[in-house]
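Student: I'm new to this one, so could you walk me through how its parts touch each other?

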Number of protein chains: 2
Amino acid sequence: MTEKKKEHVIGVDLGGTKILAGVFDLEFNLLGKSKKSTKSRRGVEAVIERIARCVLDAIDECDLAPDGILGVGIGAPGATDPESGKVIFAPNLQWRDVPLKAALEKQLKLPVFIENDCNIQALGVHEKELKGRPKHLVGIFLGTGIGAGVVVDGALYSGFNRTAGEIGHMVLDVNGPKCGCGNRGCFEALASRTAMFNRILAAVKDGQKTLLTDMLGAGLKDMRSGDLRKAIKKGDKFVQQVVEEAAAFTGIAVANVINLLNPEVVVLGGGVMQALEDQMFDIVVRNARKYAMSGVDTGIQILASTLGDDAGITGGAVLARRNTPVK
Amino acid sequence: MTEKKKEHVIGVDLGGTKILAGVFDLEFNLLGKSKKSTKSRRGVEAVIERIARCVLDAIDECDLAPDGILGVGIGAPGATDPESGKVIFAPNLQWRDVPLKAALEKQLKLPVFIENDCNIQALGVHEKELKGRPKHLVGIFLGTGIGAGVVVDGALYSGFNRTAGEIGHMVLDVNGPKCGCGNRGCFEALASRTAMFNRILAAVKDGQKTLLTDMLGAGLKDMRSGDLRKAIKKGDKFVQQVVEEAAAFTGIAVANVINLLNPEVVVLGGGVMQALEDQMFDIVVRNARKYAMSGVDTGIQILASTLGDDAGITGGAVLARRNTPVK
């Protein structure tokens, strides 16, 4: 391994269940990546040590050395303070006031920058996929939960408590299903992976027939979004209905965003959208146009991100690049 | 009348039914105002002529002359393009591509600046009532319809098509009452003056007893928000329930805004809030706190504007002031 010029950046996507790290060149091309389970139950220090190992593995995977790396950008699932470098609150990790930047810099001997995970996904899509063009953009990411990142005037918008983008708890159906937050009819309780799985599990318990039980067994153990796609492709009308209803609510959420913020582009991403784009996207767009006020959505693009699971690490690389001068 | 130094600005609030013009000093103290009905059915030219007369009346009311005025700022009910000075689309006036700025400048021989009416109300509240302090603010204005103005980084945010703030068509209850826009359960169909009046009229038709019929006759002719307040104060539980339900939905809408945008301040204004603040505001705040995600609303202020009907003209004065150097 020869010593290299510092012409690479690292993006890290820290999630409740997995850590993903990617090495990028300065045009944000992904050169290699590494993945680890998060194991948040082992505590803060153990998770930080796993992040560091994941980063070093990704560097090694690309036949690089840490001294060829400009910096590391990391997205964390919760409220973050980029200035102090702290994760203020991350419910999925049970973290509060964790000095993630300082701890990782100590382990990696590299500059580290942190942001909220949905913000960083929006940043990745804005910079890499859309070449930084849209002035205002909202990225909506559908996975286990639902979150958004907001770009205003080309920069991340994070609000007063740095928690902007909590679109998962936007109420769409005040009498709808109960949400984990305690309220009813939140977007997340209607259209997240969890919401769809809960509907399917409850229906199966009530005697609903579905190909999913043939595929996964009666308990539907280890069900994934991709299983829903497979069942629909095999003609499962029940699963199709569940997914299409989630898509319809997603369209209403997109319309609410267009009516309120009138961004130039709304991008949909996240694991659910990646696995079920063919089944969901057209319905999302149709409903978004139906529920947006007449004239308000003219010229506004609604897109499905092509970055998929790599949106977070791409945004992390963008964050690192913006914060580090080339040496 | 002696000639004065140019140390006054005019704010105009152009509405579907009335035109309000106010003369302000450079600290945005209101010195005098004038009011005219809009008479939009008489056509664009007639309305513009009425705006000009309303402005001149306000100036005269204050014993001033037009040559003591720095400029005029006007809020129009629809999508506006401040740069071209055109009202792009104002459904209540049935206006499309009206060069309001140019036409008024010709009549008044004064610089004129235009903006959307809810934006300008938010600007008035931000600058005059809150002394320009909040970095990010959302003003929600409840009247015949419902709209919002968004301030980001101290400046008006208007979005891609200059229509940001159409919060009235944010869906809160997907199976709720039909809205004028064709969809169901929009905020405006649940909590505007029109929504409350429609609920009351329908219930009375179905035999509901209410003090309002004693006050206004069986047809409830010329019912106003203030009549609802009077009926509630006299103990009308039915009207109280209608108003409290509207307040509850307003609270959910405020929570949706706090979750998505995390502004430092949410201000509630408009004719409905002015007439029914005592009956609505506490319920709005309670529900906003209940539906905002835990931690997300910490430190965020929810206020009822004290400017009432003068928010629009105050914002107009601010707009004029920001665009004109003192001579």
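**How the parts meet**

Tutor: Sure, and keep in mind that this is a predicted model. Let's begin inside one chain: 10 residues of domain 1 of chain A are in contact with 10 residues of domain 2 of chain A.

Student: Which elements of chain A each supply at least two residues of the side of domain 1 that touches domain 2?

Tutor: Chain A splits into domain 1 (8–116 + 310–323) and domain 2 (126–308). By class, the side of domain 1 of chain A that touches domain 2 of chain A has five nonpolar, three polar and two charged residues. The elements that each give at least two residues to that side are β5 (79–81) and α10 of chain A.

Student: Are α3(A) and α10(A) roughly parallel or roughly perpendicular to each other?

Tutor: Helix α3 (residues 117–129) and helix α10 (residues 311–323), both of chain A, have axes 7 Å apart. They pack at an angle of about 80°, and angles of 65 to 115 degrees count as roughly perpendicular. Therefore α3(A) and α10(A) are roughly perpendicular.

Student: Now for the other chain: which helix of chain A gives the most to the side that touches chain B?

Tutor: In the contact between the chains, 36 residues of chain A meet 36 residues of chain B. The side belonging to chain A divides into 19 nonpolar, 14 polar and three charged residues. With five residues, the element of chain A that gives the most to that side is helix α8 (residues 237–261).

Methods:
Residues are numbered from 1 along each chain as its sequence is written. Chains are lettered from A and ligands numbered from 1 in the order in which they are written. This is a predicted model: local features need pLDDT of at least 70, side-chain atom pairs count only at pLDDT 80 or more; totals for chains, interfaces and linings use all residues. Axes are lines fitted to C-alpha atoms, for helices over the stretch in contact, and angles run from 0 to 180 degrees between N-to-C directions. Helices (H or I, at least four residues) and strands (E, at least two) are DSSP runs, numbered from the N terminus. Angles under 35 degrees count as roughly parallel, over 145 as roughly antiparallel, 65 to 115 as roughly perpendicular and the rest as oblique. Two residues are in contact if their C-beta atoms, placed from the backbone, lie within 7 Å. Ala, Val, Leu, Ile, Met, Phe, Trp, Tyr, Cys and Pro count as nonpolar, Asp, Glu, Lys and Arg as charged, and the others, Gly among them, as polar. Domain bounds come from an automatic or database domain assignment.
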